[in-house]
Amino acid sequence: MTMPKSENPDGNMHVQFYSEHTVGSDRKEILTFQNNHHKDIQDSIYAMFDVYLQPNVEVYLTNNTFDNISGLFGGAYIYNSGPVEMRNNTFMSSTNFGYSMIAFESTNGDVTIDGLYFEDLVSSGFSSEYFIY
Amino acid sequence: MTLNDFRVNNTEVNSQNLVYIDTSIDELVVTNSIFSTIKVGGSTSLFAITSVKMLQMSAIEFSQISSSSADDSGNYMINIGAIDLSSEVDSTIQNCQVSQTTIGFLNFASITNEPTQPRQLEVMDVEVTNSQYPIPVDIFNFERISTAQDFTIRMTRIHFESLSFRLGGNLINMQALISNGLVVIDSTASDITGGSMNVEAFNKQNLAVPAKLSKYRI
């Protein structure tokens, strides 16, 4: 499993995996990312929350703020996960140069977003990519 | 996908879509959301949905949504590539307020999977007010929808007020081949400059399925 890549997180970064990850396992696993504040991160190659998972991994992002970020992939990139739940997340004063501010790719289950706040964002976009994908 | 309490303010989407779903999904629900002071460009949209079986959008405010450049066209707040009628649940867009914008509200391009029972897209309680369109804009655009089956776009309590189309445009533009395609009831249009309502067949050689406005009551 690729752990979330985070460059210079400002504040407490909290990533939890409950139970060991086993490829192909039917056992439900949970990835939680909550109460993090990332600020003033420039020219990041990766998304601030950047995970490559397996379908049995549920993802929860709760109460996170991404402030003054510039980079290629923006805020969150979640690949090949199980269901995703995002609650009360803020993306502000940031620029991403090509890809999504938030991207879900090959998600195996429902995506639920409750409380998502975009403020003062610019996406310059050299390709046809998107804020939420 | 469910989106609740999604707020976007002072944001430049530019040549991108704000929310893009590039595959066929079963369900998209968007509720209780506010979009204000957003620029889009290059034929993009706030919501670009390739194909959906069941769409529900309600309690949404759009204000000051504009194109990045003055000559951009084809930008919409909601752009539905196709509604897949294999689901038995109809799609609805309701309780939306749109003001001070320069782009269209809804583009709906096609349906897939012919319905076996009467089906509809229901749009109701939408207010479009206080907007000036510098280039031709269709606020509601239903284009190239073609079916011999019973499919209707039902628009109820749609209110257009204080809109100015500098170079023309339409409140509703429908170029389709649907026999019972459009119902507009209990709706109003007031203080409109340069805007029209257009309903016609996109293929005028195919008159077996004429496009017609089945009911319009204001």
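Guide: Two strands pair if DSSP finds at least two bridges between them, and strands themselves are DSSP runs of E, at least two residues long, numbered from the N terminus (helices are H or I runs of at least four). One ground rule: this is a predicted model, so local features need pLDDT of at least 70 and side-chain atom pairs count only at pLDDT 80 or more, while totals for chains, interfaces and linings use all residues. Residues are numbered from 1 along each chain as its sequence is written, and chains are lettered from A and ligands numbered from 1 in the order in which they are written.

Visitor: OK, in which sense do β10 of chain A and β1(B) pair?

Guide: Parallel: β10 of chain A, residues 111-123, lines up with β1(B) over eight bridges. To find your place on screen, go to Ile113(A), whose bridge partner in β1(B) is Leu3(B).

Visitor: How many residues of chain B are in contact with chain A?

Guide: Contact here means that the C-beta atoms, placed from the backbone, lie within 7 Å. By that test, 20 residues of chain B touch 21 residues of chain A. On the chain B side, β1 (2-14) and β2 (17-40) each supply at least two residues. The biggest giver on that side is β1(B), with 13 residues.

Visitor: Now the inside. Which residues have the most contacts within the largest nonpolar core?

Guide: Call a residue buried if 20 or more other C-beta atoms, placed from the backbone, lie within 10 Å of its own (exposed is 12 or fewer, partly exposed in between). A nonpolar core joins buried Ala, Val, Leu, Ile, Met, Phe, Trp, Tyr and Cys through C-beta atoms within 7 Å. The largest one here runs to 92 residues, and its best-connected members are Ala76(A), Leu46(B), Phe47(B), Met77(B), Ile78(B) and Phe105(B). Strand β3 of chain B, residues 45-67, gives the most to it, with ten residues.

Visitor: Which residues does Leu46(B) touch?

Guide: Leaving out residues up to four places away in sequence, Leu46(B) touches Leu18(B), Val19(B), Phe35(B), Ile38(B), Val40(B), Ile65(B), Met77(B) and Ile78(B).

Visitor: And β4 of chain B: why is it largely enclosed?

Guide: Five of the five residues of β4(B), 76-80, are buried, so the rest of the structure largely encloses this strand. Look at what pairs with it: β3(B) and β4(B) run parallel over four bridges, with Phe47(B) bridged to Ile78(B). β4(B) also pairs with β7 of chain B (residues 104-108), again parallel over four bridges. There, Ile80(B) stands opposite Phe108(B).

Visitor: How many helices and strands does each chain have?

Guide: Chain A has zero helices and eleven strands, while chain B has zero helices and 16 strands. Of the 218 residues of chain B, 40% are buried; for the 133 of chain A the figure is 38%. Sequence separation is worth a look too: among chain B contacts at least 6 apart, 92% join residues at least 24 apart. In chain A, 80% of contacts with a separation of 6 or more are between residues 24 or more positions apart.

Visitor: Where is confidence lowest in chain A?

Guide: pLDDT is the predictor's confidence in each residue, from 0 to 100. Chain A averages 75, and 72% of its residues score at least 70. The low point among its strands is β1(A), residues 15-18, at a mean of 41, and the high point is β10(A), at 92. Over residues 1-22 of chain A pLDDT stays under 50, and the model has 42 contacts beyond four places in sequence for that stretch.

How values were computed:
Contact = placed C-beta atoms within 7 Å.
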